[in-house]
Amino acid sequence: MFSFAHHHKGLCIDFGTQAILLALLGPDAPGLVVEELKEFGVADRQGLAAYLKTIAADASSGYVQGRCAIYPDRRLVRRHTIEPERYNDSTYLPELVAQQGRLEPDNYVIQIVNADDGGAYDPARAGAHEVLLCGLPAPDVEQAQDELLKLGFYPEQLEIGTVAVLGALSHYLRFQQMKSPVLLLELGLEFTGSYIVGPEGVDASKPLSTGIAAMIPVVQKELGLKDEAAARRLFYSNTFDFTSMGNALIKKLLKELQASIGLYEIQSGKTLGGVCTTQLPPALGWLGNNLAAALGVAPFSLDLPPWLDSLGIHLAAGVRATPPDERWLGLFSLLLDHSHAVAAPTTNRAG
């Protein structure tokens with residue numbers, strides 16, 4: 001799982017779009033013990049660097065080592081029906097990437113994994129048609145690595161956070177023996193990642209062209225504020241109840257969601273069992289509830305402790321994840337070792 005020496009502590013960082021979440025790990029025997037959970041604002045690089053220095057104080061390299069999940073705007077995570085007979089054609093993969101819209105295939109580092117279990121795609125596997133195209137532009141990878149090194153963190157493993165979360169959520173559904181799929185939403189500033197995840201993997205994906213930024217002008221208009229900057233500060237401040245104007249704020253996003261969900265339910269015959277939002281700060285937690293209500297679906301809440309215990313992941317005494325738990329799914333997905341799972345088949349995290 002982790003290769004840290006017994007006297008070292010490891011670190012996992014979920015470098016999200018709205019918050020930076022960290023887990024400080026104890027010696028990896030037996031199981032895995034989380035000794036501390038920390039949260040930093042996404043802009044608080046100085047605070048994060050200072051914290052990392054305290055951990056690396058006795059390290060000769062000056063760096064803290066560990067795993068890191070990142071969520072760059074240009075990340076590619078799409079479910080696709082692949083043509084196995086064309087897989088070894090040198091032109092096929094670039095074509096697939098280009099089809100995703102405004103992407104430069106030669107610039108992307110791509111990995112193809114199975115949509116059901118997250119394992120590496122094998123065209124020789126019987127019935128292997130449904131996959132996830134996962135990738136990042138090479139310059140984005142280099143930029144992320146450089147930034148982490150400047151902060152004092154050496155990434156032993158760098159993952160697309162979305163891919164890790166998809167695998168973790170599917171595994172959680174199996175653990176809870178849930179049958180209905182869940183809508184996972186990653187609300188970014190300019191766009192929203194929409195994924196339908198079931199106990200047997202990722203059923204559907206759809207990039208939506210609307211994000212949080214589109215809600216700011218609505219806030220300004222509804223409240224009669226002088227400019228968008230004032231609206232943005234109020235929106236993120238957690239000092240005003242936006243619930244009453246929630247439908248106006250999500251109107252554009254809701255329209256896109258209803259279209260994609262309706263098509264999925266008609267084609268699959270399945271009905272959504274919940275809506276899960278993982279990239280919202282606490283001040284915007286109400287957005288997930290509003291979206292779920294507007295879609296006629298219950299908000300999806302995770303009960304992390306029993307699931308983590310089944311995986312051999314334990315929180316030290318006094319360590320608690322601040323609610324809502326779904327915000328921490330990306331971080332804990334970095335700690336997964338499915339070989340320790342109870343009441344769930346052995347699989348790899350998607351990615």
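Modeller: Two strands pair if DSSP finds at least two bridges between them, and with that idea we can read the sheet of this predicted model.

Biologist: In what order do the four strands of the open sheet stand, and what is the pairing?

Modeller: The order is 11-10-9-12, and the pairing is mixed. Strand 11 (201-208) and strand 12 stand at the edges with a single partner strand each, so one side of each is left without a neighbour in the sheet. From one strand to the next, the twist averages 20 degrees.

Biologist: In which sense do strand 9 and strand 12 pair?

Modeller: Strand 9 and strand 12 pair in the parallel sense, over three bridges, and leucine 184 has cysteine 276 of strand 12 as its bridge partner.

Biologist: Which strands does helix 8 lie across?

Modeller: Helix 8 lies across strand 9, strand 10 and strand 11, and runs at about 145 degrees to strand 11.

Biologist: How do I read the crossing of helix 8 and helix 9?

Modeller: Angles of 65 to 115 degrees count as roughly perpendicular and those under 35 as roughly parallel. Here the axes of helix 8 (residues 251-268) and helix 9 (residues 285-295) come within 11 Å and cross at roughly 50 degrees, which makes helix 8 oblique to helix 9. The contact is made by Leu253, Leu254, Leu257, Gln258 and Ile261 of helix 8, together with Leu291, Ala294 and Leu295 of helix 9; by class, it has seven nonpolar, one polar and no charged residues.

Biologist: Which residues of helix 9 are buried?

Modeller: Among them are Trp286, Leu287, Leu291 and Leu295, and what covers the buried residues of helix 9 includes strand 9 (182-187), helix 6 (228-237) and helix 8.

Methods: Residues are numbered from 1 along each chain as its sequence is written. This is a predicted model: local features need pLDDT of at least 70, side-chain atom pairs count only at pLDDT 80 or more; totals for chains, interfaces and linings use all residues. Side-chain values use heavy atoms; hydrogens and water are left out. Axes are lines fitted to C-alpha atoms, for helices over the stretch in contact, and angles run from 0 to 180 degrees between N-to-C directions. Helices (H or I, at least four residues) and strands (E, at least two) are DSSP runs, numbered from the N terminus. Angles under 35 degrees count as roughly parallel, over 145 as roughly antiparallel, 65 to 115 as roughly perpendicular and the rest as oblique. Contact means heavy atoms within 4.5 Å. Ala, Val, Leu, Ile, Met, Phe, Trp, Tyr, Cys and Pro count as nonpolar, Asp, Glu, Lys and Arg as charged, and the others, Gly among them, as polar. Buried means under 20% relative accessible area, exposed over 50%, partly exposed in between (1.4 Å probe, protein chains only).
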